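Got the structure open in your viewer? Let's walk through it one selection at a time.

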Amino acid sequence: MMNNGVDGMTILDTVIVGAGQAGLGVSYYLHRDRRQQVVLERGRIGESWLAQRWDSFKLNTPNFMNALPGFPYKGPDPDGFWRQDELVHYFQQYVEYFQLPVRTGIMVVSVERAMDESHFIVTTRVDGQEEEFVLSRSVVIAAGIQHTPRIPPHHSLIPDTITQMHTASYRSAAELPPGAVVVANPLDEQMDPDLHERVLRDGLAAATVEGISGRDVTPFLLERFHTHTDGESLRANVRLVLRNAALAAEIAAA
Ligand SMILES: Cc1cc2nc3c(=O)[nH]c(=O)nc-3n(C[C@H](O)[C@H](O)[C@H](O)COP(=O)(O)OP(=O)(O)OC[C@H]3O[C@@H](n4cnc5c(N)ncnc54)[C@H](O)[C@@H]3O)c2cc1C
């Protein structure tokens, strides 16, 4: 037996990368269909929830909605909101109940097609050990999409006297220095930054030429953004308002 838990000569039906909701859900259906499979997880079951959430975190989806296939919520509080450890406990029960073949602490480092194209070669690594291989006819990448914090480049313009922290590393209010807190909530889909820069630069130049100054500059620029981006700036602002309202509600209920 190799340390990824799979005999290196066996060709499995499926390797699943990641033991979050997606990976566990797929594993359930493969288990039901009696497929030979393994779920390889670099950390713990539900690692994203354990590593990237803060102490006072609560899900914003009610308990009954977090159920995985074949395992409905049966607790006393279907309309309540779990903490992340409660959700992960549910994941662990799921794995145990269905005996899903999850191997934790195993990083998948590459997936390649075999020369004859009949299967994939999945290379795995465990800290401090040699790489191992798993052979499989199919591979499901359920590795998640929120592992790399995206921080806007202009964060470097903010003076060092102001502490900056991404939610991925934030754990508790006790870590914050005394004083006010600004919560930035950038959009996933932003306006094209080049277009934004161009309209802003040209708009500021036009404001100077037309003698517009002081508080008249903002409405002038907003109007200009609206007309010079074909309405995209307005659509982005509407998305921003909606996201901010959602975030404010989350903070209020935290
Ligand atoms: C702050 C925040 C709050 C959220 N709140 C909610 C909420 O209240 N309700 C809700 O429904 N959703 C919420 N979400 C979204 C939710 O977290 C995701 O939709 C969900 O985690 C996606 O599940 P997944 O299985 O696709 O990915 P993940 O949960 O990210 O799982 C991917 C797994 O793959 C593993 N992995 C990655 N790369 C490798 C590798 N190379 N080898 C082995 N393993 C690997 C990771 O360790 C991880 O365990 C929230 C997200 C964030 C960021």
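## Start at one bridge

Select Ile 11 and look across to Leu 135, its bridge partner in β6. Keep in mind as you click around that this is a predicted model.

Now widen the selection to both strands. β1 covers residues 11-17 and β6 covers residues 132-141. The two run parallel, and six bridges join them.

## The other side of β1

Next, pick Ile 16 and find Val 39, which stands opposite in β2. Strand β2 takes in residues 37-41, and its pairing with β1 is parallel too, over four bridges.

What lies between these two strands along the chain? Show helix α1, residues 21-32: together β1, α1 and β2 make a β-α-β unit, and a right-handed one. Turn the view to see α1 lying across β1, β2 and β6. The helix runs at about 155 degrees to β1.

## Over to the hairpin

Move on to β5, residues 120-125, which runs antiparallel to β6 and is joined to it by five bridges. Two pairs are worth clicking here:

- Thr 123 in β5, whose bridge partner in β6 is Phe 133.
- Thr 124, with Glu 132 of β6 standing opposite.

β5 and β6 form a hairpin, with six residues between the two strands. Zoom in on the turn and select Gly 128, which has a positive phi of about 75 degrees.

## The whole sheet

Zoom out and colour the strands. In what order do they come? Reading across, you get β3-β2-β1-β6-β5-β4, an open sheet of six strands with mixed pairing. Check the edges, where β3 (102-104) and β4 stand: each has a single partner strand, so one side of each is left without a neighbour in the sheet. Look along the sheet for its twist, which averages 40 degrees from one strand to the next.

## Around the ligand

Now centre the view on the ligand. How many residues surround the ligand? There are 23, and the closest are Gly 18, Gly 20, Ser 48, Leu 59 and Gly 144. Elements giving two or more residues to this shell are α1, β2, α2 (47-51) and β4 (107-113). Which of the elements gives the most? That's α1, the helix you have already met, with three residues. Colour the shell by class and you'll find nine nonpolar, 11 polar and three charged residues.

## Last stop: two domains

Finally, show the full protein chain and colour it in two parts: domain 1 (11-141) and domain 2 (153-253). Their C-alpha centres lie 37 Å apart. Where they touch, domain 1 brings four residues to the contact and domain 2 brings five. Select the domain 1 side of that contact and check the classes: one residue is nonpolar, two are polar and one is charged.

Notes
Residues are numbered from 1 along each chain as its sequence is written. This is a predicted model: local features need pLDDT of at least 70, side-chain atom pairs count only at pLDDT 80 or more; totals for chains, interfaces and linings use all residues. Two strands pair if DSSP finds at least two bridges between them. A crossover is right-handed if, with the strands pointing away from the viewer, the path from the first strand over the helix to the second runs clockwise. A residue is near a molecule or strand if its C-beta atom, placed from the backbone, lies within 6 Å of it. Ala, Val, Leu, Ile, Met, Phe, Trp, Tyr, Cys and Pro count as nonpolar, Asp, Glu, Lys and Arg as charged, and the others, Gly among them, as polar. Axes are lines fitted to C-alpha atoms, for helices over the stretch in contact, and angles run from 0 to 180 degrees between N-to-C directions. Two residues are in contact if their C-beta atoms, placed from the backbone, lie within 7 Å. Domain bounds come from an automatic or database domain assignment.
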